Amino acid sequence: MSATTVAARQHWDELASRLKPETRAFIGGRYVESASGETFDDVSPRDGRLIAKVAAGGAEDVDRAVKSARAAFDDGRWSNASPRHRKRVLRRLSELLLSNVEEMALLETLDVGKPIRESLRTDIPSAANTFEWYGEAVDKLYDEIAPTSSPALAMITREPMGVVGAVVPWNYPMIITAWKLAPALAAGNSVVLKPAEQSPLTAIRLASLAAEAGLPDGVLNVVPGLGPAAGAALGRHPNVDKIAFTGSTEVGRYFLRYAAESNLKSVSLELGGKSPQLVLADAPDLHRAADAIAEGIFYNQGETCNAGSRLLVQRQIRDRFLDAVVSASKRMQPGDPFEPDSYMGALIDGGHLERVLGYVDSGRKEGAELLVGGRRVNAESGGYYLPPTILAHATNQMKVSREEIFGPVLTTLDFDDVEDAIALANDTNYGLAASVWTRDVTTAHRISRALRAGTVWVNTFDASEVTTPFGGMKQSGSGRDRSLHAFEQYTYLKTTWIDLR
Ligand code: NAD
């Protein structure tokens, strides 16, 4: 089956009924139970049913994984392999992801409840593309020689950091894992990956695909487990050189603390967001803008770090623009993620659904008007479904305007002029992304320059490729995934000065 054809629900039901996913940790090139023998329940948000019991890694498992990664790094089996060899292995891994796209997409959708169409067409192919891209890049990177005032050869070289701990969230498990692993491995590091407890299955399976692709034992280890156990053990481990973290701002703070209290390991953080979308009265095509605004918040059930969760619309077009967004949202309803045409799937779990509904309540109590949604649907399935929800006429002081909801909830605000819009947009602790809709090129430049966000889109939303860096400012973190800049997160610069006198 090609990655662009999406089979009917029955096909996925049938595959799911036969599925026996690997649930153990992968350490030193083989699957192992957790040292304690403990497991945690991996439940599907699609229907609330148990998928599998997964090895609950703890400090002992993390320590074994770090030792194995360290041994692999120190003996050079990967860190000293030629860039060309690393390229071949990463490209092969990319091919294996694509040739196993059905299985990987199924695991991803079962774990996180996103539409199978997206897992199949976007998440797994995009992860594969990331491995291919960094594989392709690594034998084309050159080092530098600095100008010096006396005869000398002052070389500036990049070296892998050593053992990288990658701790990732559940919203785009394979995409974000690939953003960390591909540059880290391409640069020659060894990795211990800690997937989110809600979405361990694709990460566990990826380990065997990497081994099949030729990645030597010990270079990639995967330890599933709970955050405060496995995640904290990795963050505090004295022999980990680097933590690459994507997740909430709250947990990002823990990782800085873990590093401060252990070995001062390098930490890069990709955190939450509350991205503003600024629509000016002269936006080129209000219908296209309304579709993109709706998609910018409702795609992936709103569980996207850069989701455009705050709509800032110029007052003179407010009412007709909100009508257009509401009508676009009607086409973006949730449904069984195995149905090929469900636009949204289920929220990650019951606790999260309650949290999101709590925000809807809070917004209404504070005076925002609920235009659509706001109530759980398809409860009979046992899954956690919420339709597109719009809270209009909010103020920027309301909780729903300030905190990351991480669900399909759009908060709308009005502004009068461009200065107002910039001030409102920047009045947030976050700084991940923003969009501006205007036909005036000067205004577009002026606003994008003034916005404190790692990405600004003009007359579009969420355009992104592996070629462009992605990351935040302020409390959205300051790490950068994607593009050649990602290598800066996984390499140390070394100066070697050779006297030539
Ligand atoms: P989270 O912070 O709860 O968890 C992320 C990871 O940290 C998981 O692997 C989890 O097990 C681990 N963890 C949790 N508590 C821990 C602790 N006490 N010590 C060590 N590790 C711990 O985030 P989440 O709910 O999985 O994901 C949603 C968040 O991720 C949102 O805030 C979202 O904006 C953010 N996110 C950011 C980006 C980005 O690129 N900036 C991308 C995707 C998601």
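**Figure 1. A polar contact made by Thr411.** The side chain of Thr411 reaches the backbone oxygen of Val400, at 3.1 Å. The model shown here and in the views below is a predicted one. Thr411 sits in strand β16, which covers residues 409–415. The relative accessible area of Thr411 is 0%, so this residue is buried.

**Figure 2. The ligand and its surroundings.** The ligand is surrounded by 30 residues. The closest are Lys194, Glu197, Ser248, Tyr258 and Glu404. Glu197 contributes a side-chain N or O atom that is 2.5 Å from an oxygen atom of the ligand. Ser248 places a polar side-chain atom 2.6 Å from a ligand oxygen. Val168 approaches with its backbone instead: an N or O atom there lies 2.8 Å from an oxygen atom of the ligand. Taken alone, the ligand exposes 830 Å². The protein buries 90% of that area.

**Figure 3. Strand β8 and its partner β7.** Strand β8 spans residues 190–194 and is mostly covered. Five of its five residues are buried. In a regular strand, side chains alternate between the two faces of the sheet. Here, Ser190, Val192 and Lys194 point one way from β8. Val191 and Leu193 point the other way. Strand β7 holds residues 163–167 and runs parallel to β8. Five bridges join the two strands. At one position, Val167 stands opposite Lys194 of β8. Lys194 is also among the residues closest to the ligand in Figure 2.

**Figure 4. An aromatic pair in helix α9.** Phe255 and Tyr258 both belong to helix α9, residues 249–261. They are three residues apart, so about one helical turn separates them. Their ring centres are 5.1 Å apart. Their planes meet at 80°, over the 60 degrees needed, so the pair counts as edge-to-face. Phe255 is buried, and Tyr258 is buried too. The pair is part of a cluster: ring pairs link Phe245, Tyr254, Phe255 and Tyr258. Tyr258 also appears among the residues closest to the ligand.

**Figure 5. An aromatic pair between distant parts of the chain.** The structure holds nine aromatic pairs. One of them joins Tyr134 and Phe487. This pair is edge-to-face, with 5.5 Å from centre to centre and 80° between the planes. Tyr134 lies in helix α5, residues 116–138. Phe487 lies in helix α16, residues 487–490. The two residues are 353 residues apart, and the pair links distant parts of the chain. Is each partner buried or exposed? Tyr134 is buried, as is Phe487.

**Figure 6. A lysine over a tyrosine ring.** This view shows Lys242 and Tyr490. Lys242 lies over the face of Tyr490. The distance from Lys242 to the ring centre is 5.7 Å.

**Figure 7. Val101 in helix α4.** Helix α4 covers residues 101–112, and Val101 is part of it. Val101 has a relative accessible area of 7%. Buried means under 20%, so Val101 is buried. Pro173 is included in the view for distance. Along the chain, Val101 and Pro173 are 72 residues apart. Their C-alpha atoms are separated by 14 Å.

Definitions and conventions
Residues are numbered from 1 along each chain as its sequence is written. This is a predicted model: local features need pLDDT of at least 70, side-chain atom pairs count only at pLDDT 80 or more; totals for chains, interfaces and linings use all residues. Side-chain values use heavy atoms; hydrogens and water are left out. Rings of Phe, Tyr and Trp (its six-membered ring) pair if their centres lie within 6.5 Å; planes under 30 degrees apart count as stacked, over 60 as edge-to-face and the rest as tilted. Helices (H or I, at least four residues) and strands (E, at least two) are DSSP runs, numbered from the N terminus. Buried means under 20% relative accessible area, exposed over 50%, partly exposed in between (1.4 Å probe, protein chains only). A charge sits over a ring if NZ of Lys or CZ of Arg is within 6 Å of the ring centre and within 35 degrees of the ring normal. A residue is near a molecule or strand if one of its heavy atoms lies within 4 Å of it. A polar contact is a pair of N or O atoms within 3.5 Å; within protein, one must be able to donate a hydrogen and the other to accept it, and residues adjacent in sequence count only if both atoms are side-chain atoms. Accessible areas come from the Shrake-Rupley method with a 1.4 Å probe; for residues, only the protein chains shown count as cover. Two strands pair if DSSP finds at least two bridges between them.
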